[in-house]
Every structure is written in structure tokens, then in C-alpha cells.
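Work through the exercises below with the sequence and the coordinates at hand, and attempt each task before reading its solution.

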Amino acid sequence: MERIAVDMDGVIADVVEQFFLYDERDFGKRRSLEEVTGKLESIAFPKCREYVFSTGFFRNAPVMNESQEILAQLNKQYEVFIVSAATEFPHSLSEKHEWLNEHFPFITWQQMVFCGAKSIIEADIMIDDHFKNLDNFKRTTFLFSQPHNYLQTAGRHRRVNSWKEIADILL
């Protein structure tokens with residue numbers, strides 16, 4: 001059975017929408033997608049670091065459209081692991097664990113990998129929104145589109161824009 005490593009933030013957890021919500025709360029106006037496209041999150045959202053270190057940011061992030069249904073199907077055909085570089089934000093560990101238990105109850109604790117560098121991950125397929133995680137991965141990679149990577153060419157990675165596209169490829 002092939003193994004898939006799936007990133008959390010920006011792939012199954014819609015942290016971009018969470019950034020938009022927090023940013024709108026703090027600045028009184030919602031930025032447009034065009035304003036943030038092609039920019040690092042730390043540039044697009046000036047209080048980004050404050051947000052990711054705040055209690056509740058990860059716990060209350062919206063779920064990415066179609067990710068629950070499609071990941072449940074993938075979980076029946078592949079060995080699925082949710083892989084998050086969560087140790088950068090130590091208080092996020094419990095929030096991410098609780099979030100996964102609530103929104104992805106079919107993912108067991110044995111399928112949750114909270115780490116630092118993802119270069120340690122061994123799998124057949126990796127789905128992530130950051131080049132820094134995909135570039136070191138030696139096997140099949142999918143670049144999940146997010147505003148911070150929209151303007152970059154995918155290179156050797158296959159760009160996917162939705163969970164529906166992932167389903168069309170892997171199911």
C-alpha cells in the first residue's frame with residue numbers, strides 16, 4: 001500500500017482564510033486575494049507571527065473544501081499520514097491534535113506526525129503548499145495552490161488547485 005504524507009496548514013486546514021479573518025478583525029477591512037497573491041504570508045499579513053502564536057489560531061481554522069470526504073476515501077486506499085511542522089509553534093500541538101480529532105475522526109493518533117523538518121518523512125507521495133517541504137522529498141510531490149505560491153512555477157512538482165483535483169489523480 002502506498003503511503004501519502006499530507007500537510008495540514010494550507011492543505012487540509014484553511015489557514016489563509018484564518019489569516020484573512022484575523023487580519024480583517026484587526027484592521028477593519030478584508031484584504032483582497034490579489035493583495036496577498038505572490039507574497040509570503042509574513043508580508044501579506046503583517047501580524048502573521050502574532051496570529052500563529054495566539055491561542056485558538058490553529059484550533060479554529062476552517063477546514064479546506066472537500067478535504068474531509070476525499071481524505072476519507074484516500075485513507076481506505078493508501079496509508080495516509082498527516083504531517084505538520086508543528087513544533088515551530090509548540091502550543092499548536094494540542095490545538096492541531098484536537099482539530100484533527102474533530103474534523104478528521106478517521107485519522108488515528110498513529111497517523112498524526114508532528115515534527116520540525118519534514119525532510120525526515122519517508123512516503124511515496126507528499127502533498128504540501130511549501131516548496132521547502134517538497135523540494136527535499138525524493139518521490140511524487142503535489143504542490144497545493146495557495147496565494148503565497150500562485151505566481152511560482154511548480155517545477156518538478158505537480159500543482160493541484162483543489163481536493164477534487166487530488167481525487168481525480170489518486171482515486
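The exercises that follow concern a predicted model, and they move from its nonpolar cores to its strands and then to its empty spaces.

**Exercise 1. The nonpolar cores**

Task: Determine which residues of the largest nonpolar core touch the most other members, and which helix supplies the largest share of this core.

Solution: Begin with the membership, which comes to 43 residues, and rank them by the other members they touch; Val6, Ile12, Leu74, Ile127 and Trp163 then come out with the most. Next, assign the members to helices and strands, whereupon helix α1, spanning residues 15-27, is found to give the largest share of this core, with five residues. Finally, look for a core apart from this one: another exists, of 12 residues, and Cys115, Ile121, Ala123 and Leu143 are among them.

To see the surroundings of one core member, take Trp163 and leave aside its neighbours within four places in sequence; its contacts then include Val6, Val11, Ile12, Leu74, Ile127 and Phe144. The list for Trp163 also holds Asn65, Glu66 and Ser67, together with Met64, Ile70 and Leu71.

**Exercise 2. Strand β5 and its partners**

Task: Establish how many residues of strand β5 are buried, and how many bridges join β5 to β4 and to β6.

Solution: First consider accessibility along β5, residues 140-144, where four of the five residues are buried, so that the strand is mostly covered. Then turn to pairing on the β4 side: β4, residues 125-128, runs parallel to β5 and is joined to it by four bridges, with Ile125 having Thr140 of β5 as its bridge partner. On the β6 side, the pairing of β5 with residues 158-160 is likewise parallel and rests on three bridges, and here Phe144 stands opposite Val160.

**Exercise 3. Accessibility of Ser84**

Task: Decide whether Ser84 counts as buried or exposed.

Solution: Locate the residue first: Ser84 belongs to strand β2, which covers residues 79-84. Its relative accessibility is 1%, and because the cut-off for buried is under 20%, Ser84 counts as buried. As a last step, list its contacts beyond the neighbours within four places in sequence, which are Met8, Asp9, Lys96, Val113, Phe114, Cys115 and Lys118.

**Exercise 4. Pockets and a cavity**

Task: For the two largest pockets, state the volumes and the make-up of the linings, and then say which residues line the largest cavity.

Solution: Start with the largest pocket, whose volume is about 700 Å³. It is lined by 30 residues, of which Glu41, Glu88, Phe89, His130 and Lys132 are the closest to its centre, and the lining divides by class into 11 nonpolar, eight polar and 11 charged residues. Helices α1, α3 (41-44), α4 (48-52) and α7 (131-134) each contribute at least two residues to this lining.

Continue with the second largest pocket, which holds about 290 Å³ of space. Among its 18 lining residues, Asp14, Met64, Phe144, Gln146 and Asn161 lie nearest the centre; by class, nine are nonpolar, five polar and four charged. Helix α1 gives the most to this lining, namely three residues.

End with the cavities, of which the structure holds one of 30 Å³ or more. The largest cavity contains about 40 Å³ of space, and its lining is made up of Val16, Val36, Lys39, Glu41, Ala44, Phe45, Pro147 and His148. Sorted by class, the lining of the largest cavity comprises five nonpolar residues, one polar and two charged.

Note on methods: Residues numbered from 1 in each chain as written. Predicted model: local features only at pLDDT ≥ 70, side-chain atom pairs only at ≥ 80, totals over all residues. Heavy atoms only, no water. Core = buried A, V, L, I, M, F, W, Y, C linked by side-chain atoms within 4.5 Å. Buried < 20%, exposed > 50% of the residue type's maximum accessible area, 1.4 Å probe, protein only. Contact = heavy atoms within 4.5 Å. 1 Å grid on protein atoms, 1.4 Å probe; cavity = no way out; pocket = protein on both sides within 12 Å on 5 of 7 lines; lining within 4 Å. Points joined across faces, edges and corners; volume = space filled by probe spheres on them. Nonpolar A, V, L, I, M, F, W, Y, C, P; charged D, E, K, R; others polar. Pairing = 2+ DSSP bridges.
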